[in-house]
2 protein chains.
Amino acid sequence: MERTAAILSVGEEILAGDVADTNAREVAEALRQRGLAPRLLCCAGDRVEDIAAALDLATRSAALVVVTGGLGPTRDDVTRAGLARAAGEDLVEDSTALDGIIAFFQRLGRPMAESNRLQALRPQSARALPNALGTAPGLAMELHSATVFVLPGVPAEMRVMLEQAVLPWVEERCGAPAPAARVKVHAHGLPESEAGERIADLMERGADPQVGVTVAAGIITVTVTSRSGAAPAGRAEVERVAAEVERRLGACAFARDGETLEEAVVRLLLERDLKIALAESCTGGLVARLVARVPGASGTLLEGTVAYANEAKTRRLGVDAALIERHGAVSTEVALALARGAAVQAGAQVAVSTTGIAGPGGGSAEKPVGLVYFGLWLAGREWARRVLFTGDRETIQLRAAHYALDLVRRGVLGALA
Amino acid sequence: MERTAAILSVGEEILAGDVADTNAREVAEALRQRGLAPRLLCCAGDRVEDIAAALDLATRSAALVVVTGGLGPTRDDVTRAGLARAAGEDLVEDSTALDGIIAFFQRLGRPMAESNRLQALRPQSARALPNALGTAPGLAMELHSATVFVLPGVPAEMRVMLEQAVLPWVEERCGAPAPAARVKVHAHGLPESEAGERIADLMERGADPQVGVTVAAGIITVTVTSRSGAAPAGRAEVERVAAEVERRLGACAFARDGETLEEAVVRLLLERDLKIALAESCTGGLVARLVARVPGASGTLLEGTVAYANEAKTRRLGVDAALIERHGAVSTEVALALARGAAVQAGAQVAVSTTGIAGPGGGSAEKPVGLVYFGLWLAGREWARRVLFTGDRETIQLRAAHYALDLVRRGVLGALA
């Protein structure tokens, strides 16, 4: 069998973004663990023609299509009709399914509403799947080149039916679940394009393992995924390629498999038993916040100062007012003085500072929005950096905070010139 | 024009659920505000044939298709190729787009990587859209019955191009944005269940407008949506119900329609011309970070101190060491002293402090994980609060930061007992 899957979520509340589509994520993860990574996720509202169109696409491009939602008893639950439309079939009442619904209400000791009868409808060639937890039977049918499973939208009901009907079908064809053969390498300090060039040969189309690059707020993630499922050979190959990616990214690579930059930095500082102090201007506490979100951060973070106003820089961190006057608050000199002041005042071995223009206002031709100076103080040695970031205020702040954290990491590792 | 839209997100990281698809939500909301509610959302990975298949479906079922992502310079950025495949066209180099990319690197003073040249490719009949913030030009073209816009995946770049290229196209066809017949009321300081009880009668199934409640990190959002579209009568009714919701939530309601708590607090402080200082222990800079992310925050935020270590509390904020010794750092007395110290040292009229146990370690029977004390100093008057939050470290920190911000808001408004 061709190992491709697609997932279709039905519901206006998901389409409108009012409700997070946790079902799709859960189905995707369960399929991925079994070597059947979904290639297409779709979300349609409660309209027969949209559901039918999405099913038409999905069943032509994947071997397995899992649909969730739209099986309720109200007028806006039209997934059954959408499936019938896509298959060109009529809806018929399934007597076994109807008996199941009637029995469900009997167990609850409640009368069945006439509208629940609609839930026993199925396209002619489909079969109904029993629902142990609710009134909505699921559906399974062949359509085009695919097997389609339709599951209820209620997460608990969806989960049971996924486990009882869909996953056995998958495992029969793809084998039992194995640890995913996937490694992520995280890096900071080079543009996405350069990262891509350094590993271009590993990213050839069709290569196994598959190598992909994404970037978010300056953090590059290279994902290495085996195409041959979770077989031991595939995992060994993923490990080999991931190690090669790390070698090529050099000092830029800082962690694996979801460890964040702040976690890597806190881990490093704790390992070396170093205490850190922070002096932030344009990042406004974000560096402190990132560090402090890491459990155990109190073992290394002595204090942080958000010195927005110039007087705060002088009064709190001992930056000479004349220095600010002469060079401006956004300058190499002030960045260094901020880091030095933070380290000395806190008695820390490490301190990092940020001073820049996060925007949207405050920029000039000489010092545009996005310009940030960094100072690093490391047991008496000092480094300064000047970087021009692009993006909106939030992006500039986040990228600058990442840069500051990475500066600490590189300094502690002795990787700074 | 038929008022239908579809959105396609491209990227393995979104398909895999590693990254939330905020772009699709943002595009959907912008279109919805202009009366063009998307009917189909799709997400495809970085494969030409999947992107082409999704584009084929989308362009046959909607008049407008907005695609985000896959325009980067690496080999796995194949949205350009997917669009060409769907259209049956070749990719050609766009010389104007190439000039734009070259100019972008010149402005940054960095060399252009050869791979960035790929970003100037476009299907023959497409036109390139300039990208002010990054290297990836967007694309616009006609395909089947639809107009397709392809935007970069980087949110800030996506946003600018959406506003400059897509929304003018939409407004030309659908008219200017009408105020959506939807109002959100945001509140803090009561449990979701209590909020639900106070407005239970407004939430009757089938009622028009429809009223729903969600909660995230202690912030309640009540959404009031007209079922009768954006007609004036529906809007008036939405406004009436939203006002009734606000009345019932009383001082807990702090803003509307997506304004965040930190935005509301900064707005209030700027309106009253009040300067604020922050003293954070267990929130570790998060309060400062939330305030500093608001444009214009430098007009009110004088300074923030992250005083993790007890010595920092004493040395930086003048908290009497004997007070800490006597009551513990996590106490009403220290919370008040922290706020007082922050205000006095910074010369601020307002100061708020946090001291507590964010976990996962550090809790005791008497002072469990989640216990946080707050101090508020307001031109000489003082308030303290003690709250026990539940959740993991991140949740406790975020809920405590929200609590601190709301304490400032209520204090400034004179709503504290």
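How many bridges join strand 10 of chain A to strand 11 of chain A? In this predicted model, seven bridges connect the two strands, which run antiparallel. Within this pairing, Gln210(A) is placed opposite Thr225(A) of strand 11. The two strands of chain A make up a hairpin with two residues between them, and Ala217(A), located in the turn, adopts a positive phi of about 50°.

The hairpin belongs to an open sheet of four strands in chain A, ordered 10-11-9-12 and paired in antiparallel fashion. Strand 10 (210-216) and strand 12 (253-256) of chain A each have a single partner strand and lie at the edges, so one side of each has no neighbour in the sheet. On average, neighbouring strands of the sheet are turned by 25° against each other, direction ignored. In a regular strand, side chains alternate between the two faces of the sheet.

Strand 9 of chain A, residues 182-188, is joined to strand 12 of chain A by three bridges, and these strands run antiparallel. In this pairing, Val185(A) has Arg256(A) of strand 12 as its bridge partner.

Two helices of chain A lie across strands of this sheet. Helix 8 (residues 232-249) lies across strands 9, 10, 11 (219-225) and 12 of chain A, and runs at about 5° to strand 9. Helix 14 (residues 393-412) lies across strands 9, 11 and 12 of chain A, running at about 95° to strand 9.

Aromatic contacts were also examined. Over all chains, the count of aromatic pairs comes to ten. In one aromatic pair, Phe149(B) and Trp169(B) are arranged edge-to-face, with 5.9 Å centre to centre and 75° between the planes. This pair links distant parts of the chain, since Phe149(B) is in strand 8 (residues 146-151) of chain B and Trp169(B) is in helix 6 (residues 155-174) of chain B, 20 residues apart. Phe149(B) and Trp169(B) are both buried. In chain A, one aromatic cluster is formed by Phe374(A), Phe389(A) and Tyr403(A).

Helix 13 of chain B covers residues 332-346, 15 residues in all. From first C-alpha to last, helix 13 reaches 21 Å, close to the 21 Å expected at 1.5 Å a residue. The buried residues of this helix include Val334(B), Leu336(B), Leu338(B), Gly341(B) and Ala346(B). Just after helix 13 of chain B, Gly347(B) has a positive phi of about 70°.

Conventions:
Residues are numbered from 1 along each chain as its sequence is written. Chains are lettered from A and ligands numbered from 1 in the order in which they are written. This is a predicted model: local features need pLDDT of at least 70, side-chain atom pairs count only at pLDDT 80 or more; totals for chains, interfaces and linings use all residues. Side-chain values use heavy atoms; hydrogens and water are left out. The expected span of a helix is 1.5 Å times one less than its number of residues. Buried means under 20% relative accessible area, exposed over 50%, partly exposed in between (1.4 Å probe, protein chains only). Two strands pair if DSSP finds at least two bridges between them. Axes are lines fitted to C-alpha atoms, for helices over the stretch in contact, and angles run from 0 to 180 degrees between N-to-C directions. Contact means heavy atoms within 4.5 Å. Rings of Phe, Tyr and Trp (its six-membered ring) pair if their centres lie within 6.5 Å; planes under 30 degrees apart count as stacked, over 60 as edge-to-face and the rest as tilted.
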